[in-house]
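Got a model open and wondering how to read it? Let's go through it together.

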Amino acid sequence: MNATFKSMVPVCEGDPCIRNGSGAGATVRFRQESRRRKSDFARKCIAVILLHAIFLFAILAALIIGHWISEENQKLNNRTMLEKKRNFTILDVFPPLADGGFGIAEQLHAVRSNKLSTDALLVPLPLYILPYHYDLQLDFSQFDTNLFIRANISIHLESYGNSTEDEIQFHLGPNIKIERMRLKKDGKKFYAKTFKREESKKLGRISLRDPLQKGKYILEMAYNMTICDEDVDGVRCSLDNQTNSSLKSTSFTTKLEPTLARAFFPCWDEPGVKATFNISVKHNKKYTVLSNMSPIEQPNKVDWDDQFKTTVFQPTPPMSTYLLAFAIGEFVKLETRTERGIPVTVWTYPEDVMSMKFTLEYAPVIFDRLEDALEIPYPLPKVDLIAARNFHVGGMENWGLIVFEFASIAYTPPITDHVNETVDRMYNEFRIGKLIAHEAAHQWFGNLVTMRDWSELFLNEGFATFYVYEMMSSERPVTAQFEYYDSLAALVSAQSEEDHRLSLVRELATESQVELSFHPTNLYTKGCVLIRMLRDLVSDFDFKAAVRRYLRKNAYRSVSRDDLFSSLSAYADHGADKEKLNYVLEGWFVNEGLPEVTLIRNYDNEMMTISQRKTVHHEYRSFLKDRKPAAGVRYRASRSAEDGSTLFDDTLFEGYTERRKDKRRKHRPARRKASTPPPISPIMRRDELRKPRRVGASQDLWTIPITYMFGSLKTSEGQVIREFWLKNRTVSFGDAEISPNQAVLVNPEWKYPYRVNYDLLNWKLLARTLHQNHLEINDKSRMQLILDAEYFLSNSVNPHLYLYLLGYLAHETKMEVMLFGIDAVYRFIDVFKATQLNKAILVYFEPVISQMDHLLNESQVDAETASLWLVRPERLAKLYQMRCAAGLHSCKNEYYTQKWSRSPDEWTEDVHKQVTAVCHQLFTNTPEEVKTVQELLDSRLSSSGAKWALTVQLAACSHNQKLLRKTARAIVSTKNAAVYASALQSDFSLHYNPTFRKYLWSEISKMSTFEKTALFSTNSTNILPASRILLHSVKTIDELQQIRGLLTNWGPLLTLHFEYLERYLLWVSSVSQGVLHQFFAADLSNF
Ligand SMILES: [Zn+2]
């Protein structure tokens, strides 16, 4: 499904803008162009949005497969999700993450197939005998007829010291059939007693007649295996069955990470165990075979065979087994070189050559840039990039042979060279550039220096993600920076919810736990954010030097985070105190979640209390606080319950530094670049592997660099910043310089990844500052304030304070901040859309939505700003909905409705605007006034595919009972939970249509009990995303009661979901009749 989306995204022409840094050039050209071009941009932008909408639907539709059919997956998920509790309470109920359910997953190799046929325990192999070299001779001559490979392997082993051990253990996948086996010591046969397989651990065990002695052994095996078998992970095949007569395999590419090398050859399959490899492959002459290294040229070799030949590859440097890679197929190549002359070759199929132009041009640029930044030359003699078909992840960084899924790096040049392609081109080049940069960074982080154990995978993925932003920000600083903060926001949100907040470093006991740990947020983003934190703590200059030291010292070796720390300066400055860097960061690595910091001020005596704890979401959902709220309970407004009673500690105050905001670190001169390759250290150090594995226990205490700021840029004192370490749970102190009417801002510029809560008055002072002059607060901090205010206030007893804060957005001029504002305002309207306050809320936000419109128009003259919309295109769809709901002129509902009605099948550039307007038109007019559109929709309900999906979403906006009933029937007859959820969460409307929902639930009620039970997964402790979205899309108590009547037994967890929703909906109605009602009745100028 990703492929559908990706292949439909348009187009590039001329010099790629990333390559020649023409971001600015594009802007200039844009400005010179006429207004026509402005609309051209919007056109393209929307085209992408529309594709996105289709894409979303495809995901939703796909989810159903996991729901109705695959019981197996369900079992697997149940087993692998880290379940600890059995007795559930209301606090175990988690609504779907806002926007988190169906966002576009990163096109990195995080996107994994969850299909694991078997799970196996990960058991570390004994260290008394380890491999240092493999000779692998593969025979691919039959792979294209019966998916069969033969091989001979010689594993060169070193036994350390005489021992009593008389067993050799190695990894062996179940698909490998061993034909012959022999063990030698010093050229002589060494007798084995028995050989047996341990399937559950995917191990082979050889028992020996005599104990192992110190010295070198060789283990030889002849084996065969089938590949491209659905049940065997490890080798992906691109099958071509065009011939009808028989299945014909034309190519395959391997992906052995994390624990699949054992399915390709018997080996010591642990990332820390590095060895060298000599590889040769026999294959049909018509195919090209690729591996990590270049083939050895054999100019004098006489080739007698017509059909087959053997390609021999140069020996590899010491490397981990998971990085070994092969590709075979009828590829064509596109060649270029890096500045240093390293050949960079893109391999693809003849028909796809044109779409690889950008990849070919950009890849060497990234390699040059990484060499410059890291001051270590790329260590292999060549880089191959292959655009594979049917590869199940976006990219895999195999050393020297990077494999990409075709669509993730393909980009077809347009037929015309027109400026209106600029935005799309920038977006697509950014998308591809990120992926190339990520896999290229791995050539150093992961391939040259490898984590010893999967539990510290962030040493690979965190660094690779970090360097994506570093590499991409030289030509696309605005997009790269915004995307970083957008990911940070997603991380903070996910890590605030108990079922999403995994620690970065944790024990991984099974293969599937390792597979699932490749998580876009919990691994990639968290790793990147914490590496960035580390950099900010030691300064950019020191960080760069430390990274170079780390890579040089550990080249060809495996490491733990201790090796990273030993390359860094031992101490970190923050304020006057130094702290040990590893001590500071340990909590951030091993603790689950992220901390939240609370500032409580005493306005009478200028005392402040700053405390920390792990984010506890239910504390800020006031409807979860009371044990049992009865209907009609009024929630009282109260000051924070935080107890700031810790005694005043004078010493804490001594170390404070005070400096003006604009004071910068001194710039140190850059050092001369070194260019020598790093020394190759001994093949492998057993002692290195013997170091104890350190995972660390999660605690709830962090060492937090606290910075707070007060004052105004307008006064002579300016803004004052103070810094100190928060190591305890709570500190209290006085700061006499702060006057009671000044706001205090913690974590200015959103530098470190923690949430900040304040006492209510300080929240109010901050909101007031935003209203009076939002530029007093840095734009990154404005993003954090919007995010944190939503978290702490929106579900509290004081949602009006959050509403007041958001109101400042009417003056917001920074596009990046407004994009956060769009999410926040949209969600607020959505929560209250079924209440009587809906109208008042829309009126209140009208100037904010107008300002969003204004910024959208402004962004259209600057290609780089415009492409920010494409970071999450659904934001544009939200804006369309909001401006229609608020009745803004820009909705143009009549105009667009007519346009759509005239040609509903013509998916023109503004089709998303059209359908949003149609929905609004249907909802706000009487059935008679929109008779023609209704008839049109009625007739289209029998269509199929995307056209049908669009029709049902539109029909659901109408008030025509006959049409609504028919639509509800059509939706429910799909038997697709994801389609139901999608219909209830319209992509085109912020309106609440109770009649449609009533009919939909009523149709669902007619299903059999078996189907309803499956739909809601009542028997499971893991409610699938689609079911959860379905349930939590409910907006009123009446609707909830209707659903409750669908089944008699909902099971313990779903019963709790009902209780949760009941409390929540009561809260919605109570605050809208209480504090929110008062808020709208009051004079806001005195707020
Ligand atoms: Zn990666």
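Below is a short round of questions and answers on this structure.

Reader: Before I zoom in, what kind of model is this, and how are residues numbered?
Author: Residues count from 1 along each chain as its sequence is written, and side-chain values use heavy atoms, leaving out hydrogens and water. Local features need pLDDT of at least 70 and side-chain atom pairs 80 or more, while totals for chains, interfaces and linings use all residues, since this is a predicted model.

Reader: What is the average pLDDT of the protein?
Author: pLDDT is the predictor's confidence in each residue, from 0 to 100. At least 70 is reached by 79% of the residues, and the average is 82.

Reader: Over residues 1-86, how many contacts beyond four places in sequence does the model have?
Author: pLDDT stays under 50 over that stretch. Where pLDDT is low, the predicted coordinates should not be read in detail. With contact meaning heavy atoms within 4.5 Å, the number for residues 1-86 is 185.

Reader: Which strands are at the edges of the open sheet of 5 strands?
Author: Strands (E, at least two residues) and helices (H or I, at least four) are DSSP runs, numbered from the N terminus; two strands pair if DSSP finds at least two bridges between them. The order here is S15-S16-S17-S19-S18, with mixed pairing. Pairing on one side only are the edge strands, S15 (332-337) and S18 (395-396).

Reader: Which residue in S19 is the bridge partner of Asp-384?
Author: Strands S17 (residues 383-388) and S19 (residues 401-405) run parallel and are joined by 5 bridges. In S19, the partner of Asp-384 is Leu-401.

Reader: How far apart are the axes of H33 and H35?
Author: Axes are lines fitted to C-alpha atoms, for helices over the stretch in contact, and angles run from 0 to 180 degrees between N-to-C directions. Arg-1028, Leu-1031 and His-1032 of H33 meet residues of H35 including Phe-1058 and Leu-1061. The helices pack at an angle of about 35°, and the distance between their axes is 11 Å.

Reader: Ser-539 has a positive phi; is Ser-539 buried or exposed?
Author: Ser-539 lies in the loop between helix H12 (520-538) and helix H13 (540-553), with phi near 85°. Buried means under 20% relative accessible area, exposed over 50%, partly exposed in between (1.4 Å probe, protein chains only). Ser-539 has 8% relative accessibility, so this residue counts as buried.

Reader: And Asp-186, buried or exposed?
Author: Asp-186 is not a glycine, yet its phi is positive at about 50°. Its place is in the loop between strand S4 (176-185) and strand S5 (188-189). Since its relative accessibility is 59%, Asp-186 is exposed.
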